[in-house]
Amino acid sequence: AVVSTQSGHYGREGIVVAVLIAELLATVVIVNNEENYHPKKKKQKTKCSIVCSGTTGRKDTNWVAYQTYGVYTDVDISSCQFKHIPNIVTTLEGKRHHWAVTGTSSVYGATKDTFRIYIRRFNLNLSIPKNEEWNVEWMAIGYNC
């Protein structure tokens, strides 16, 4: 399952929301998986749930034009070394103008190694997210064993 939260805050305030939700989910994962039960496996005694986070970076996000008023980016989470698709919480961070977009919490095509996020706004073109240094900040909760 993919879990995400809508955020359109200026600066880094939005990540606070993501952190709180991720911490809450991590607590649920730990409580419900005291012996680290995974639905596709039998109960295991070793702890293997992890919380991993990152950013695509203000200067490094590879935004790609999508249809008339959209952009998307693929986010690499392979360094987390998840064994299954994790729960993912996202927020959009940048200098300005990202409060008026949609899609900041809509995760597409999640795998254990990557996911995609689409952003839409009227009159959105590639220069806006690049000039305003929009980037995806994310937290993922899953299993590495």
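Reader: What pattern does the protein chain follow when it is read along the sequence?

Author: In this predicted model, the protein chain follows the pattern α-β-β-β-β-β-β-α-β along the sequence, and the elements amount to two helices and seven strands.

Reader: How many residues does the protein chain have, and what percentage of them count as buried?

Author: The protein chain has 145 residues, and 43% of them count as buried. Its accessible surface comes to about 8100 Å², with 53% of that belonging to carbon and sulfur atoms. As for how the chain meets itself, 76% of the contacts between residues at least 6 apart in sequence join residues at least 24 apart.

Reader: Which residues touch the most other members of the largest nonpolar core?

Author: The general idea is that in soluble globular proteins, nonpolar side chains tend to be buried together. Here the largest nonpolar core has 21 residues, and those touching the most other members are Trp63, Ile77, Ile88, Phe115, Ile119, Trp134 and Trp138. At least two residues of this core come from each of strand 3 (70–76), strand 4 (87–93), strand 6 (114–120) and strand 7 (135–143). Trp63 makes a good example to trace in the viewer: leaving out residues up to four places away in sequence, Trp63 touches Val71, Tyr72, Thr73, Leu92, Ile119, Leu126, Pro129, Lys130, Trp134, Asn135 and Val136.

Reader: Which residues lie on each side of strand 4, and are they buried or exposed?

Author: In a regular strand the side chains alternate between the two faces of the sheet. In strand 4, Asn87, Val89, Thr91 and Glu93 lie on one side, Ile88, Thr90 and Leu92 lie on the other, and all of these are buried, so that seven of the seven residues of the strand are covered, taking buried to mean under 20% relative accessible area.

Reader: How many bridges join strand 4 to strand 7?

Author: Seven bridges join strand 4 to strand 7, and the two strands run antiparallel. To find the register, one can begin at Thr90, whose bridge partner in strand 7 is Trp138.

Reader: What is the order of the strands in the open sheet?

Author: The open sheet has four strands in the order 2-3-6-5, and their pairing is antiparallel. Strand 2 (64–66) and strand 5 (107–108) stand at the edges, and because each has a single partner strand, one side of each is left without a neighbour in the sheet. Between strand 2 and strand 3, which run antiparallel, there are three bridges, and in this pairing Ala65 has Val71 of strand 3 as its bridge partner.

Reader: Where is the place of Leu124, and is this residue buried or exposed?

Author: Leu124 sits in the loop between strand 6 and helix 2 (127–131). Leu124 counts as buried because its relative accessible area is 3%, and the cut-off for buried is under 20%. Apart from neighbours within four places in sequence, Leu124 is in contact with Thr68, Tyr69, Gly70, Val71, Ile119, Pro129 and Trp134. Of these partners, Gly70 is 54 residues from Leu124 in sequence, while the C-alpha atoms of the two residues are 6.1 Å apart in space.

Reader: How many salt bridges does the structure hold, and which residues are linked in a network of them?

Author: The structure holds seven salt bridges, and a network of them links Arg58, Lys59, Glu93, Lys95 and Glu133. Within this network, Glu133 forms a salt bridge with Arg58, where the closest N and O atoms are 3.6 Å apart. That pair links distant parts of the chain, 75 residues apart, with Glu133 in the loop between helix 2 and strand 7 and Arg58 in the loop between strand 1 (49–55) and strand 2. Glu133 also meets Lys59 in a salt bridge, at 2.5 Å from N to O, and these two residues are 74 residues apart in sequence.

Reader: Are Glu133, Arg58 and Lys59 buried, partly exposed or exposed?

Author: Buried is taken as under 20% relative accessible area and exposed as over 50%, with partly exposed in between. Glu133 therefore counts as buried, at 9% relative accessibility, Arg58 counts as partly exposed at 32%, and Lys59 counts as exposed at 69%.

Reader: Which residue forms a salt bridge with Asp113?

Author: Asp113 forms a salt bridge with Lys112, and the closest N and O atoms are 3.2 Å apart. Both residues are partly exposed, with a relative accessible area of 28% for Asp113 and 35% for Lys112.

Definitions and conventions
Residues numbered from 1 in each chain as written. Predicted model: local features only at pLDDT ≥ 70, side-chain atom pairs only at ≥ 80, totals over all residues. Heavy atoms only, no water. Buried < 20%, exposed > 50% of the residue type's maximum accessible area, 1.4 Å probe, protein only. Contact = heavy atoms within 4.5 Å. Areas by Shrake-Rupley, 256 points an atom, 1.4 Å probe, with all protein chains shown as cover. Core = buried A, V, L, I, M, F, W, Y, C linked by side-chain atoms within 4.5 Å. Pairing = 2+ DSSP bridges. Salt bridge = Lys/Arg side-chain N within 4 Å of Asp/Glu carboxyl O.
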